[in-house]
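Visitor: I would like a close look at a single part of this model, taken slowly and set in the context of the rest of the chain. Please choose one helix and follow its surroundings outward.

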Amino acid sequence: MSDPITVFDRRLLKLRRDRAATRSQDYNFLFAETAERLADRLDDTTRSFPVALDLGCHSGELGQILGTRGGIETLFQSDISYKYARNAKTRSPNRPTLVADEEFLPFAHGSLDLILSNLSLHWVNDLPGMLIQARQALKPDGFFLASMLGGETLKDLRDALMTAEAEEEGGVSPRVSPFIDVRDAGALLQRSGFALPVVDIDEITVDYPDALKLMRDLSGMGESNLILKRSKKFTKASTLARAAAIYHERHARPDGRINATFQVVYLTAWAPDESQPKPLRRGTGQVSLVDFLGDVPDKPKPAN
């Protein structure tokens, strides 16, 4: 296999998550909201999952919400950031917690009943490879449930930053990370060997006084630009101020405030198992459609 393309700076991701962990209670509102929605999706299945993994656990928001839902008896919590993992352990001291990179899962084949991941996988460089590892770590008929940011996330901020940088600095560099396209997500699960993939999306709209506060929140969450080929120069204050002004000009509400939209993609799939339903081969149907639809009328003859 060829080497995967490296898009994101994973070393910087770890550093930023370590920094974000020191003040996570002030900036974890998005993680908490999507954790609630993931837990609701888990409730949609009647299966029990005794051994589960929270992959990229941040400060343990998902673990706190899950409790014993889904029949979970043991929930491993892991994060690439030591400080996030420490926060999660503090919240749930009886749960096994470890520092682990999502791109290199330290779990044996067939050892887990359930893998959950809440807003962490959009920073993975080799997402197909990571999904293959996740599928291999699951037991047959094990469940995979994840949320990640989609391609329409913060498109208004991206446009404002690009316009401002072109005006103030004479060029444009990548400033908002590329996220997965919803149309590709289901195919990606299938390519990784999962069965019965389902993909759906939510849009979460957050109210802000201005775009500068939005950018501060992204930094506080550890979710700001991680593109490896980003400009290494400090962004000029004038560029940020101009971006905020452009955002306001284009998108401000009548009350002067702005909205920021996060597109959240939910991935649901199962590790293959013989017990799962499978489509019939073509030509093996035993019932005629005529039995349901009745006789099909003759095609009318054209008039002379």
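Guide: What follows begins with the whole chain, turns to helix 7 and its packing, and then moves on to the cores and the salt bridges.

The model is a predicted one, and its protein chain has eleven helices and seven strands. Of the 304 residues in the chain, 47% count as buried, and the chain exposes about 15800 Å², of which carbon and sulfur atoms supply 54%. Among contacts with a separation of 6 or more, 79% are between residues 24 or more positions apart.

Helix 7 runs over residues 155-169, and its 15 residues reach 21 Å from the first C-alpha to the last, close to the 21 Å expected at 1.5 Å a residue. Its buried residues are Leu157, Ala160, Leu161, Ala164 and Glu165. They cover an arc of only 130° around the axis, which puts them on the same side of helix 7. An α-helix has 3.6 residues a turn, so residues three or four places apart point the same way. The buried residues of helix 7 pack against helix 9 (211-221) and helix 10 (237-251). After helix 7 comes glycine 170, with a positive phi near 75°.

On the side of helix 10, threonine 239 gives a detailed view of this packing. Threonine 239 counts as buried, at 0% relative accessibility, and, leaving aside neighbours within four places in sequence, threonine 239 is in contact with Ala164, Glu165, Glu168 and Glu169. Of these contacts, Ala164 and Glu165 are also among the buried residues of helix 7. Threonine 239 and glutamate 168 are 71 residues apart in sequence, yet their C-alpha atoms are 5.8 Å apart in space.

Leu157 of helix 7 also leads into the interior of the model. The largest nonpolar core has 52 residues, and Leu157 is one of those that touch the most other members, together with Leu42, Leu66, Leu114, Leu214, Tyr247 and Phe262. Elsewhere in that core, leucine 66 is in contact with Ala39, Leu42, Ile72, Leu75 and Leu116, once neighbours within four places in sequence are left aside. A second, separate core of 26 residues includes Leu105, Leu127, Leu138 and Phe144. In soluble globular proteins, nonpolar side chains tend to be buried together.

Polar residues are found under cover as well, and asparagine 118 in strand 4 is one to examine. Asparagine 118 counts as buried, at 3% relative accessibility. Not counting residues up to four places away in sequence, asparagine 118 touches Phe31, Thr34, Ala35, Leu38, Leu55, Gly56, His58, Leu62 and Ser147.

Charged pairs complete the view, and the structure holds 20 salt bridges. One of them joins aspartate 18 to lysine 14, with the closest N and O atoms 3.3 Å apart. Because these two residues are four apart in helix 1 (residues 10-21), aspartate 18 and lysine 14 are separated by about one helical turn. Aspartate 18 is buried, with a relative accessible area of 11%, whereas lysine 14 is partly exposed at 33%.

A second salt bridge brings together the side chains of aspartate 200 and arginine 41, at 2.5 Å from N to O. This pair links distant parts of the chain, with aspartate 200 in strand 6 (residues 195-208) and arginine 41 in helix 3 (residues 29-42), 159 residues apart. Aspartate 200 counts as partly exposed at 27% relative accessibility, while arginine 41 is buried, with a relative accessible area of 19%.

A third salt bridge is formed by the side chains of lysine 139 and aspartate 113, at 3.4 Å from N to O. Here too the pair links distant parts of the chain, since lysine 139 lies in strand 5 (residues 138-149) and aspartate 113 in strand 4 (residues 112-118), 26 residues apart. Lysine 139 counts as partly exposed at 29% relative accessibility, and aspartate 113 is buried, with a relative accessible area of 12%. Through shared partners, salt bridges also join Glu33, Arg37, Arg41, Asp200 and Asp202 into one network.

Conventions: Residues numbered from 1 in each chain as written. Predicted model: local features only at pLDDT ≥ 70, side-chain atom pairs only at ≥ 80, totals over all residues. Heavy atoms only, no water. Core = buried A, V, L, I, M, F, W, Y, C linked by side-chain atoms within 4.5 Å. Buried < 20%, exposed > 50% of the residue type's maximum accessible area, 1.4 Å probe, protein only. Contact = heavy atoms within 4.5 Å. Expected span 1.5 Å × (residues − 1). Arc of directions from axis to C-beta. Salt bridge = Lys/Arg side-chain N within 4 Å of Asp/Glu carboxyl O. Areas by Shrake-Rupley, 256 points an atom, 1.4 Å probe, with all protein chains shown as cover.
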